[in-house]
Amino acid sequence: MKNNIIIVLAAFLVSAMAISGCKKNDYKNDGGKSNPYVNMTTYDYLKSNPQFDSLVKVIDRAGLKDVVNSNITFFATTNYSIVPYVAAKKNQVAIQTGNENFNFGIKDIPAQELSDSLKTYMFQGVISRDQITLDGKLYTSLLGPIPNVQYLIKFRRSFDYNSYLDHVDYVTYTKVRGTRDDQEPDLNAIPNNLKDLSADVQTSGIVTKTGVVHVLTGFHRLFFNAQPLGN
């Protein structure tokens, strides 16, 4: 019992020291460090982090390394977003062929399909936290104009009075289909195929030598894919 008490007290003291030594401005509201600069290109930054292993494979398959390293803002997805997407694409092939026993990976997805889709996460120039507001702004992705589709980047404010912060501002990346849902008087009147698709950013405003990276939450499936995963 005595040892357990000592361990608990030690853990409490370490936690207290960490909190007291961390000023409010040491971290961004969504958890990102206040020093956003990374002394690498965007591609090298992604390649240096294991959580982006699958994304780098998608970039390579799509032939977009140079685009990723250009002056763009990139909403990057983690492995958690890509694994179910690949599983859904494999299931689609399995249904078409009637065969479930085959190897399937990113290399088996058409490069042009990946290129076009991945460009919807890329925007020309810098979109930093300082430019993002609660009202948001509509952008056209590097894929170019898409009928009835634009991309909305804004803050979603979450209040937490139990924290030393009074609120947390999450950057959100939204695929707007038709009109903006947040400006419609009756959300229930919007057809399902026209409802906006949104994903929160888990770490925002990473400034590389070539551009800006916002990292989407792992709960987001790549390309907002909704195909079934199969058995």
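This passage walks through a helix, a set of paired strands, some salt bridges and one loop lysine.

The structure is a predicted model, so local features are taken only where pLDDT is at least 70 and side-chain atom pairs only at pLDDT 80 or more, while totals for chains, interfaces and linings use all residues. Residues are numbered from 1 along each chain as its sequence is written, and side-chain values use heavy atoms, with hydrogens and water left out.

Helix H5 covers residues 79-97; helices here are DSSP runs of H or I with at least four residues, strands are runs of E with at least two, and both are numbered from the N terminus. Its end C-alpha atoms sit 27 Å apart, which agrees with the 27 Å that 19 residues should span at 1.5 Å a residue (the expected span being 1.5 Å times one less than the number of residues). Quite a few H5 positions are buried, including Asn79, Ile82, Tyr85, Val86, Lys89 and Ala94. Buried stands for under 20% relative accessible area, exposed for over 50%, and partly exposed for anything in between, using a 1.4 Å probe and protein chains only. The buried residues of H5 pack against helix H3 (53-62) and H6, with contact taken as heavy atoms within 4.5 Å. After H5 comes Gly98, and its phi is positive, near 75°.

On the strand side, S3 (residues 137-139) and S4 run antiparallel and are joined by three bridges; a pair of strands is called when DSSP finds at least two bridges between them. Leu138 has Leu152 of S4 as its bridge partner. S4 also runs antiparallel to S5, this time with eleven bridges, and Ser158 is matched with Val168 in S5.

Side chains of opposite charge can pair when their charged atoms come close. Across the whole structure, six salt bridges turn up, each being a side-chain nitrogen of Lys or Arg within 4 Å of a carboxyl oxygen of Asp or Glu. Lys154 and Asp182 form one of them, at 2.9 Å from N to O. Because Lys154 lies in strand S4 (residues 149-159) and Asp182 in the loop between S5 (167-177) and S6 (197-207), the pair ties together parts that are 28 residues apart in sequence. Asp182 also meets Arg180, at 2.8 Å from N to O, and Lys154, Arg180 and Asp182 are thereby linked in a network of salt bridges. Both basic residues count as buried, Lys154 at 15% relative accessible area and Arg180 at 13%, whereas Asp182 is partly exposed at 42%.

Another salt bridge brings together the side chains of Lys107 and Asp108, with 3.1 Å from N to O. Here Lys107 is exposed at 59% relative accessibility, and Asp108 is partly exposed at 33%.

Finally, Lys119 sits in the loop between helix H6 (111-118) and strand S2 (122-124). Lys119 is partly exposed, with a relative accessible area of 22%. Apart from neighbours within four places in sequence, Lys119 is in contact with Leu64, Ser141, Leu142 and Leu143. Leu64 is 55 residues away along the chain, yet the C-alpha atoms of Lys119 and Leu64 are separated by 8.8 Å.
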